Amino acid sequence: ELPVDESLPFFLYPSAPNPQKNHLTLFQAALKLVERGLKFRLVLTGGNTQQLLGEKPMACQAPEQARSFFQERQSKLSGVIIALGMVSEDTLATLYQKCISVLMPSEYEGFGLAMAEAFSHGKPVIASNLPVFREQIKCYHANDFVETFQTTDCQALIDLMEARLQQGEISVERGEELRRKA
C-alpha cells in the first residue's frame, strides 16, 4: 500500500535534508502553487525528511530555514508536503512509477542518482541547471524529459511545476522511450 493519497498528482523529491538540497525553494514553490489553487502533493523521501515538517529546530541552517518556512505556513502546506523519511526499495520504486515528475532543485550534486532512477522509471524530471545534471541529460539523450531552472529562480521552478501539473503525466509510450535510454 502506497503511503500517499493517489487521488492527486504528486511530485517526488527523494533526498535527505542536506544543506545543498534546496528544500526551502521547493517549499516556497509549493506554497505559491497552493495559493494559485492547484491541487497536488509534494512527497519527500530520505533519511530525516520528517524533521523538515517537525516542530524541533534542525542543526543545519538551510534545512532549518525550510522547516521554519513550513511551520509558519503549516495551515496551507500541511497535507500538501508529505515527508515519508526512509522507505523500502519497493515503496520508492512505486513512488517513482506513480509520481507526475521527479524534482531535483539541488544547489550542487556529486552525481544526482535520483535523475538516473527517474529515467529508469520513465519519469520526467524538473532539475536545477547544474553541470552534473546536464551531463546526465546528455548521456541519456533525455533533453525532452528534463526541464531545468536556475537554482535561485523560484519563479521558474513554480512555472515548471505548474506546467507539469497542467500537462499531466507523460504518455506510457514516452515513458517507455525514456526507460529504453536509461
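1. Tyrosine 140 counts as buried, because its relative accessibility is 18% (buried means under 20% relative accessible area, exposed over 50% and partly exposed in between, with a 1.4 Å probe and protein chains only). The model is a predicted one, in which local features need pLDDT of at least 70 and side-chain atom pairs count only at pLDDT 80 or more, while totals for chains, interfaces and linings use all residues. Residues are numbered from 1 along each chain as its sequence is written, and side-chain values use heavy atoms, with hydrogens and water left out.

2. Tyrosine 140 also belongs to an aromatic pair. The count of such pairs comes to three (rings of Phe, Tyr and Trp, the last by its six-membered ring, pair if their centres lie within 6.5 Å; planes under 30 degrees apart are stacked, over 60 edge-to-face and the rest tilted). The ring of tyrosine 140 and that of phenylalanine 119 have centres 5.2 Å apart and planes at 70°, so this pair is edge-to-face. Distant parts of the chain are linked in this way: phenylalanine 119 lies in helix 5 (residues 113-120), and tyrosine 140, 21 residues apart from it, lies in the loop between helix 6 (131-139) and strand 6. Helices (H or I, at least four residues) and strands (E, at least two) are DSSP runs, numbered from the N terminus.

3. Helix 5 deserves a closer reading. Phenylalanine 119 is buried, with a relative accessible area of 0%. The buried residues of helix 5 are Ala114, Met115, Ala116, Ala118 and Phe119. After the helix comes glycine 122, which has a positive phi, near 70°.

4. Next, the overall arrangement. The protein has eight helices and six strands, and from the N terminus on its elements run β-α-β-α-α-β-α-β-α-β-α-β-α-α. The C-alpha trace spans about 45 × 35 × 30 Å along its principal axes. The radius of gyration is 15 Å, which agrees with the value near 16 Å for a compact globule of 182 residues (the radius is taken over C-alpha atoms, and the globule rule is 2.2 Å times the number of residues to the power 0.38). Of the 182 residues, 53% count as buried. Among contacts between residues at least 6 apart in sequence, 68% join residues at least 24 apart (contact means heavy atoms within 4.5 Å).

5. How are the strands of the sheet ordered? The open sheet of six strands has the order 3-2-1-4-5-6, and its pairing is parallel (two strands pair if DSSP finds at least two bridges between them). Strand 3 (81-85) and strand 6 (146-149) are the edge strands, each of which pairs on one side only. On average, neighbouring strands of the sheet are turned by 25° against each other, direction ignored. Helix 1 (residues 23-35) lies across strand 1 (10-14), strand 2 (41-45), strand 3 and strand 4, and runs at about 160° to strand 2 (axes are lines fitted to C-alpha atoms, for helices over the stretch in contact, and angles run from 0 to 180 degrees between N-to-C directions).

6. Is strand 1 enclosed or open to the surroundings? Five of its five residues are buried, so strand 1 is largely enclosed by the rest of the structure. In a regular strand the side chains alternate between the two faces of the sheet. In strand 1 both faces are covered, with Phe10, Leu12 and Pro14 buried on one side and Phe11 and Tyr13 buried on the other. Strand 1 runs parallel to strand 2, and five bridges join the two; phenylalanine 11 has leucine 42 as its bridge partner in strand 2.

7. Strand 4 (residues 101-104) and strand 5 pair in the parallel sense over three bridges, and valine 102 stands opposite valine 125 in strand 5. Isoleucine 126 also lies in strand 5 (residues 125-128) and is buried, with a relative accessible area of 3%. Leaving aside residues up to four places away in sequence, isoleucine 126 touches several residues, including Phe11, Val102, Phe149 and Leu157. Isoleucine 126 and threonine 148 are 22 residues apart in sequence, yet 5.7 Å apart in space, C-alpha to C-alpha.

8. Finally, the cysteines. A search of the whole structure finds zero disulfides (a disulfide is a pair of cysteine sulfur atoms within 2.5 Å). Cysteine 99 is in no disulfide, and the nearest cysteine sulfur, that of cysteine 154, is 20 Å away. Why does cysteine 154 form no bond with cysteine 99? The two sulfurs are too far apart for a bond, at 20 Å. Cysteine 99 is buried at 0% relative accessibility, and cysteine 154 also counts as buried, at 18%.
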